[in-house]
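Work through the two exercises below with the model open. Try each task before reading its solution.

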Amino acid sequence: MENNQTEKINLLIIGSGPAGYTAAIYAARANLKPVLYQGIQPGGQLTITTDVENYPGFPEGIQGPEMMIQFEKQAQRMGADLRYGLATKVDFSQKPYKVWIDEEKLLEADAVIIATGASAKWLGIESEQRFNGYGVSACAVCDGFFFRGKEVAIVGAGDTAAEEALYLSKLCSTVHMFIRRDEMRASKIMQDRVKKTDNIKMYWNTETQEILGDKTVNAVRIKNIKTAEEETLPIKGFFVAIGHHPNSDIFKGWIDMDEEGYIKTCPGSSKTNIEGVFASGDVQDKIYRQAITAAGSGCMAALDAERYLSENGLH
Ligand code: NDP
């Protein structure tokens with residue numbers, strides 16, 4: 001199955017968010033002839049957001065999908081070889097490294113940049129999907145601004161939810177926070193901050209039943225799972241902060257990760273435990289998760305890959 005479809009390349013970039021495209025731009029300009037596979041969601045998480053107003057260089061803001069088209073065009077113009085396809089399996093036991101695309105095509109690459117990103121977890125209710133981008137968001141830092149002075153809700157009880165609730169409390173009139181148990185998972189200090197913030201209203205043992213609205217969100221129906229009491233709150237924004245999962249499954253067993261599956265990189269670089277394999281963007285960052293930080297780390301990965309290839313006589 002593999003032999004007739006094997007292709008040998010210099011640098012493979014897996015993923016097409018800000019990290020992957022930025023790595024491709026730098027690598028192409030350094031004449032590394034990068035091949036980039038775009039994965040299941042070309043453009044990554046930004047393709048499911050609306051306005052991006054915090055990426056420097058776009059004073060009027062830009063739509064997330066449009067921004068990723070611009071990234072893609074720039075990578076293409078620099079000469080990166082952009083392809084549809086999903087990396088489905090790797091073998092990093094020897095050089096050149098093997099990566100299978102769509103379970104059939106085999107690539108052998110001297111260096112690999114992993115930029116497969118992370119995906120937000122969702123509640124899984126129908127109305128959440130229907131209003132996604134129309135009042136429902138998984139990123140307060142990205143979208144909180146659109147709800148200035150308005151009432152919003154946030155679901156989740158970890159550090160991210162606490163941090164995002166605090167962020168929203170500075171912009172919005174009231175933040176209703178739905179916690180499914182009678183305690184929070186967040187660190188004590190973050191819990192204390194949330195509890196001390198006057199305009200954050202906490203709802204314990206609470207589940208979201210339905211997000212309501214017409215074209216955009218205007219209310220949410222919740223249920224206390226202990227008392228079975230239901231309540232409808234008028235809100236304009238509904239934020240989901242119940243965690244992310246890094247898209248790192250195919251690298252398990254090869255690349256060092258933390259217990260949640262985030263790839264470990266050497267501090268201050270994009271190097272992984274395997275020489276010549278680099279990681280950038282959200283797949284190795286559970287703290288910042290911004291387009292600009294992902295792009296920055298994609299640049300680091302391309303520079304690290306270039307150095308590795310030239311030091312090893314591979315470029
Ligand atoms: P976590 O996994 O820590 O927390 C997820 C939260 O969402 C939990 O409270 C969980 O509830 C809740 N949840 C999960 N599924 C549902 C659901 N279906 N309905 C309602 N609630 C749900 O994710 P985070 O993103 O908050 O944090 C990830 C990691 O990153 C953690 O290690 C965290 O400490 C770290 N982090 C650190 C920061 C910092 O140091 N500044 C900032 C942000 C994150 P339950 O508790 O009941 O399971």
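The exercises cover a domain interface and a pocket.

This is a predicted model, in which local features need pLDDT of at least 70, side-chain atom pairs count only at pLDDT 80 or more, and totals for chains, interfaces and linings use all residues. Residues are numbered from 1 along each chain as its sequence is written, and side-chain values use heavy atoms, without hydrogens and water.

**Exercise 1.** Describe how domain 1 and domain 2 meet.

Solution.
1. The domain assignment (automatic or from a database) gives domain 1 as 3–119 + 244–311 and domain 2 as 122–240.
2. Seven residues from domain 1 and eight residues from domain 2 make the contact (heavy atoms within 4.5 Å).
3. The two domains bury about 680 Å² between them, 47% of it on carbon and sulfur atoms; buried area is the accessible area (1.4 Å probe) lost on putting two parts together, summed over both.
4. On the domain 1 side, Ile-48, Thr-50 and Glu-53 lose the most area to domain 2, together 42% of what that side buries.

**Exercise 2.** Which element supplies the largest share of the lining of the second largest pocket?

Solution.
1. A pocket is an open set of points on a 1 Å grid over the protein atoms alone, where a 1.4 Å probe fits, with protein on both sides within 12 Å along at least five of seven lines; lining residues have an atom within 4 Å of a point.
2. The lining includes Lys-271, Phe-278, Asp-304 and Arg-307.
3. β19 (277–279) and α7 (291–311) each supply at least two lining residues; helices (H or I, at least four residues) and strands (E, at least two) are DSSP runs, numbered from the N terminus.
4. The largest share, four residues, comes from α7.
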